[in-house]
Amino acid sequence: MAEGKTESPGPKKRGPYISSVTSRSVNLMIRGVVLFFIGVFLALVLNLLQIQRNVTLFPPDVIASIFSSAWWVPPCCGTASAVIGLLYPCIDRHLGEPHKFKREWSSVMRCVAVFVGINHASAKVDFDNNIQLSLTLAALSIGLWWTFDRSRSGFGLGVGIAFLATLVTQLLVYNGVYQYTSPDFLYVRSWLPCIFFAGGITMGNIGRQLAMAEQP
């Protein structure tokens with residue numbers, strides 16, 4: 001009697017742009033590099049907007065680029081973006097809850113657009129006081145999570161990222177690296193955690209999309 005043939009599982013498919021990469025370590029490195037450069041680009045654009053509106057002020061001796069930004073800001077933001085973008089899918093796998101809500105690049109691009117819009121509002125829209133602006137941006141940030149994420153892990157990581165990033169920013173401002181105009185939350189603006197929360201959700205969505213296995 002002929003033995004039944006067992007089919008060996010084929011190679012696991014990778015993200016949409018790096019599906020030909022079979023090594024897990026190389027796949028991880030490529031995703032990290034992509035996330036790093038996305039973070040650098042967004043940092044240059046958004047930080048330039050904040051400086052033009054005099055929301056953040058850097059001492060003249062640390063301004064060292066044609067984008068009128070401190071040289072260390074884009075690399076730091078790029079590194080944070082890579083860590084966040086790799087952490088989100090890792091946590092999803094650890095919890096055994098793969099994120100499948102709106103898993104397409106068009107949704108990710110809309111999420112990025114909303115994030116840029118929230119940053120633009122923080123620098124452009126004039127409110128009577130910072131509290132009103134903070135509440136508005138908080139509502140927009142939670143709306144971004146609800147529209148493009150809706151996962152408990154995403155919300156928890158976003159809150160954690162907002163807390164840690166705000167703490168680091170407070171320390172930088174306290175040590176005179178740069179400053180915020182009209183601070184109302186110790187040394188920074190009260191709406192800053194909302195920006196960090198929205199940024200964490202955005203980079204997490206990009207990281208999840210890069211890591212998502214292609215459907216057969």
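# Reading helices, cores and loops

Author: Let's begin with the record: an unreviewed UniProt entry annotates residues 28-49, 69-88, 131-148, 155-174 and 186-206 with "transmembrane region". The model we are reading is predicted.

Reader: What share of residues 131-148 is helix, and what share is strand?

Author: Start by comparing an annotated stretch with the secondary structure. Residues 131-148 are 100% helix and 0% strand, with 26 Å between the end C-alpha atoms. For residues 155-174 the figures are again 100% helix and 0% strand, and the end C-alpha atoms lie 28 Å apart.

Reader: How does the reach of helix 5 compare with the span expected at 1.5 Å a residue?

Author: The idea is to set the end-to-end reach beside the expected value. Helix 5 has 23 residues and reaches 33 Å from first C-alpha to last, close to the expected 33 Å. Helix 6, residues 192-211, has 20 residues and reaches 29 Å, close to the 28 Å expected.

Reader: Is helix 6 largely enclosed or largely open?

Author: Here we look at burial, where a residue is called buried when its relative accessible area is under 20%. In helix 6, 17 of the 20 residues are buried, so this helix is largely enclosed by the rest of the structure.

Reader: Which residues of helix 5 are buried, and what do they pack against?

Author: The buried ones are S153, G154, L157, G158, I161, A162, T166, T169, Q170 and V173. Their packing partners are helix 2, helix 4, strand 2 (179-180) and helix 6. Just after helix 5 comes G176, with a positive phi near 80 degrees.

Reader: How many residues does the largest nonpolar core have?

Author: To read a core, look at its members and then at where they come from. The largest nonpolar core has 36 residues, and L137, L144 and I206 have the most contacts inside it. Helix 1 (24-52), helix 2 (73-95), helix 3 (105-124), helix 4, helix 5 (152-174) and helix 6 each supply at least two of its residues. Helix 6 gives the most, with nine residues.

Reader: What does L137 touch?

Author: Setting aside residues up to four places away in sequence, L137 touches I118, A121, S122, W191, C194 and I195.

Reader: And L133: is this residue buried or exposed?

Author: L133 counts as buried because its relative accessibility is 5%. This leucine lies in helix 4, residues 130-148. With residues up to four places away left out, L133 touches A121, S122, F127 and W191. You can also read closeness in space against distance along the chain: L133 and S190 are 57 residues apart in sequence, yet their C-alpha atoms are separated by 8.7 Å.

Reader: Where is D149 placed, and is D149 buried or exposed?

Author: For a loop residue, check position, burial and partners in turn. D149 sits in the loop between helix 4 and helix 5, and is buried, with a relative accessible area of 1%. Its side chain makes a polar contact of 2.4 Å with the side chain of S151. Beyond its neighbours within four places in sequence, D149 is in contact with Y88, H99, F101, L144, G154, I201, N205 and R208.

Reader: What is phi of R150 near?

Author: Phi of R150 is near 65 degrees, a positive value in a residue other than glycine. R150 also lies in the loop between helix 4 and helix 5. At 41% relative accessibility, R150 counts as partly exposed, whereas D149 is buried.

Technical notes
Residues numbered from 1 in each chain as written. Predicted model: local features only at pLDDT ≥ 70, side-chain atom pairs only at ≥ 80, totals over all residues. Heavy atoms only, no water. Helix = DSSP H or I, 4+ residues; strand = E, 2+ residues; numbered from the N terminus. Buried < 20%, exposed > 50% of the residue type's maximum accessible area, 1.4 Å probe, protein only. Contact = heavy atoms within 4.5 Å. UniProt positions renumbered as here; feature names shortened; annotations may be inferred. Expected span 1.5 Å × (residues − 1). Core = buried A, V, L, I, M, F, W, Y, C linked by side-chain atoms within 4.5 Å. Polar contact = N/O pair within 3.5 Å; in protein donor to acceptor, adjacent residues only side chain to side chain.
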